[in-house]
Structures are given as structure tokens and as C-alpha cells.
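Please open the model in your viewer and keep the selection tool at hand. This tour suggests what to select next and describes what is there.

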Amino acid sequence: MSLRERLSRPEILVAPGVYDGLTAALAQQAGFEALYLSGAAVAYTRLGRPDIGLSTASEMADTMALIADRIDVPVIIDADTGFGNALNAQRTMRTYERAGAAALQVEDQTYPKRCGHLKDKSLIPAAEMAGKIAAMADARSSEETLIIARTDAIAVEGLDAAMARAETYIEAGADALFIEAPRSGDELKLVGETFGKRIPLLANMVEGGFTPISNASDLEAMGFSIVIFPGGIVRALARTAQDYYASLQANGSNRPFAERMFDFDGLNEVIGTPQMLAAGQKWEGRDG
Ligand SMILES: C[C@](O)(C(=O)O)[C@H](CC(=O)O)C(=O)O
């Protein structure tokens, strides 16, 4: 089912953050119908650095292509600012679309951007962002590739200005809306009430960020149709990895950590080793 079709259904779509083939495969196995390729998660894991515009469009496109090759649910990719002006954003659209993205999320920060939940963001003018959205719509090869317009204006210009920007972005042709970092349950509700019935609306749950964490059904009741949990998997895995390395360092052995690990066969099961080896034998004409 295309993402557009899925978004026409009333149930909220939960898209967990992923950043490589393994996380994408695990998320699909858990039953998620769409995934979110998070720029933050890629920066955290590949660079070991913050989400402040350090990773490149090529690194994201490579990651997107690896994920698209591994799974078959739609992927929303974080396109940050589109990596420059409208012309850069058009190139980003074409590159990510070719890599297999079902939707691009683009935001109205200046380049280089920073995580929506960090302080000291700055914005491009609303008219320039509207141009970027229209330019991306023009560049896509399929109307099924959605444009999710994000505004970071709450932290910079306030909620009213953010909602005014959102109106402009809808007029410019956005397929879905992402008002970044509402600061309270009331702000979340107001955003939901204002836009939820008009356009697919995305909520972003960042553990420890500016927005109170709500669950998917509460967000659905507020009018949201997509919720992403972009960086949660990295926070979970980073904690596990830290404990694992500390335990290995202290004990000189993996044994004390075994309960929290897959063994060899367990991981092979997760990544489909038996099926792949069987398929390989078949193509080699060795399956009897
Ligand atoms: C959605 C986001 O753009 C992302 O890169 O995943 C980030 C999330 C995060 O930093 O955890 C954001 O700016 O909210």
C-alpha cells in the first residue's frame, strides 16, 4: 500500500526511527507499516556526533538505498533543509526518490540546520520555504512521493507564527505537515485541532525533547495521522552498547552479558541467514 493510501485511513501511522539495514529489518519484523530514516539517528550512529547538519545528502541517500533494498514498507526520509536552496532541494528530491524514499521531510531552518530540540535555531523566510516546497513538488518523478513540510518556527517566532507558516506551506503544495516541537500538551492539541482534519499531520516524539511524550492513540485523538519516534532506537542501543563494552572491559568475557545478547544462531535468524543460504544453494543448482 502506498504511503498516500495509508494516510487516507483514520488510524494513526507509527513510524519508528531507523538508520541502517538492521534497524529497518527489525522494525519491519516488529510489524511497523512505515519507517522513518532519521537524520539525527544517522548522525548519532555513523558520525557519533549531534544532529547539526554534519551528515551529507550522499550519506543519507546511501543509507536510504541500503534500507530500501532490505525491506518493503514505505520509508519517510529526513531531508533536513534540502541541503541548500530550492535547486539543491530539487536535487535532494530526485536523489532520495531514486534511492527508494516514499516521502521527504523538509524544514524551514537555515543551512546548516540543527535538531529541532536544540536551542538557537534560525529560519529562512516563509516565502523562500514555500518556493522550496513547490520546487521539490516540481522535481519529483512521482506524485506518490510525498513532501512533508516542517516548520521549526515555534522556538524562533512562536506558535502563531509557526501556524501561519504552516498555512503558507500547505498552499505551496505540501502533502503533509510537521510542526516541530510544540512545548506543551496544549500546544500539541491546538496544532492537532487546527490542521488535523485538513492535511496529514505528523507528531515527533523525542525522549527528553521540548514536546511532552504522548502515546499514539492520544495523538490520534488530537488529530495527528503520523507519529515518529526518530531517535529512540539509538538511545536504547547506545545504552546497551555502553553497558556491553563496560561489562566486557571489566570481565574480559561476554558471558556476564549473555542474557542480553542474541547468540550466533539467534542473530542469524533475525537477519535471515538460513533463508539466504538456502536461496543461494537454489540459484547455484545445489538444492538437490
Ligand atoms: C526528526 C529529526 O529531525 C531527526 O533527525 O530524526 C530530529 C529528531 C532528533 O533529533 O531526535 C529533530 O530535529 O526533531
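A residue is called buried if 20 or more other C-beta atoms lie within 10 Å of its own, exposed if 12 or fewer do, and partly exposed in between. Keep in mind throughout that the model is predicted.

**A stop in the loop between E3 and H5**

Select phenylalanine 83, which sits in the loop between E3 and H5. This residue has 20 C-beta neighbours inside 10 Å, and because the cut-off for buried is 20 or more, phenylalanine 83 counts as buried. Its phi is positive, about 70 degrees, although phenylalanine 83 is not a glycine.

Now select aspartate 80, which is found in the loop between strand E3 (75-78) and helix H5 (86-99). Is aspartate 80 buried or exposed? With 25 C-beta neighbours inside 10 Å, aspartate 80 counts as buried. The phi of aspartate 80 is also a positive value in a residue other than glycine, near 50 degrees.

**The whole chain**

Zoom out until the complete chain is in view, and colour it by secondary structure, where you will find 13 helices and eight strands. Along the principal axes, the C-alpha atoms fill a box of roughly 60 × 45 × 35 Å. The chain has a radius of gyration of 20 Å, which agrees with the value near 19 Å that a compact globule of 288 residues would have. Buried residues make up 41% of the 288 residues, and of the contacts with a separation of 6 or more, 70% are between residues 24 or more positions apart.

Next, give two colours to the domains, selecting residues 3-231 for domain 1 and 238-283 for domain 2. The centres of these two domains, taken over C-alpha atoms, are separated by 32 Å.

**The nonpolar core**

Select Met64, Leu104 and Leu177, which touch the most other members of the largest nonpolar core, a set of 75 residues. Then stay with methionine 64 and display its contacts: leaving aside neighbours within four places in sequence, they are Leu37, Val75, Ile77, Tyr96, Ala99, Gly100 and Ala101.

**Around the ligand**

Which residues are the closest to the ligand? Of the 13 residues that surround the ligand, the closest are Ser38, Ala40, Gly116, Pro230 and Gly231. If you colour this shell by residue type, it divides into four nonpolar, seven polar and two charged residues.

**From helix H2 into the following loop**

Select leucine 26, which has its place in helix H2. Leucine 26 counts as partly exposed because it has 16 C-beta neighbours inside 10 Å, a number in between the two cut-offs. Draw a distance from leucine 26 to alanine 15, and you will find that these residues, eleven positions apart in sequence, are 13 Å apart in space from C-alpha to C-alpha.

Move on to alanine 30, in the loop between helix H2 (21-29) and strand E2 (35-37). Alanine 30 has 8 other C-beta atoms within 10 Å and is therefore exposed. From its C-alpha to that of arginine 198 the distance is 30 Å, while the two residues are 168 residues apart in sequence.

**A cis peptide bond**

For the last stop, select tyrosine 111 and proline 112 together, and look at the peptide bond from tyrosine 111 to proline 112, which is cis, with omega near 0 degrees. Proline 112 lies in the loop between strand E4 (103-107) and helix H6 (126-139).

Note on methods. Residues are numbered from 1 along each chain as its sequence is written. This is a predicted model: local features need pLDDT of at least 70, side-chain atom pairs count only at pLDDT 80 or more; totals for chains, interfaces and linings use all residues. Helices (H or I, at least four residues) and strands (E, at least two) are DSSP runs, numbered from the N terminus. The radius of gyration is taken over C-alpha atoms; the globule rule is 2.2 Å times the number of residues to the power 0.38. Two residues are in contact if their C-beta atoms, placed from the backbone, lie within 7 Å. A residue is near a molecule or strand if its C-beta atom, placed from the backbone, lies within 6 Å of it. Ala, Val, Leu, Ile, Met, Phe, Trp, Tyr, Cys and Pro count as nonpolar, Asp, Glu, Lys and Arg as charged, and the others, Gly among them, as polar. Domain bounds come from an automatic or database domain assignment. A nonpolar core is a set of buried Ala, Val, Leu, Ile, Met, Phe, Trp, Tyr and Cys residues joined through C-beta atoms within 7 Å.
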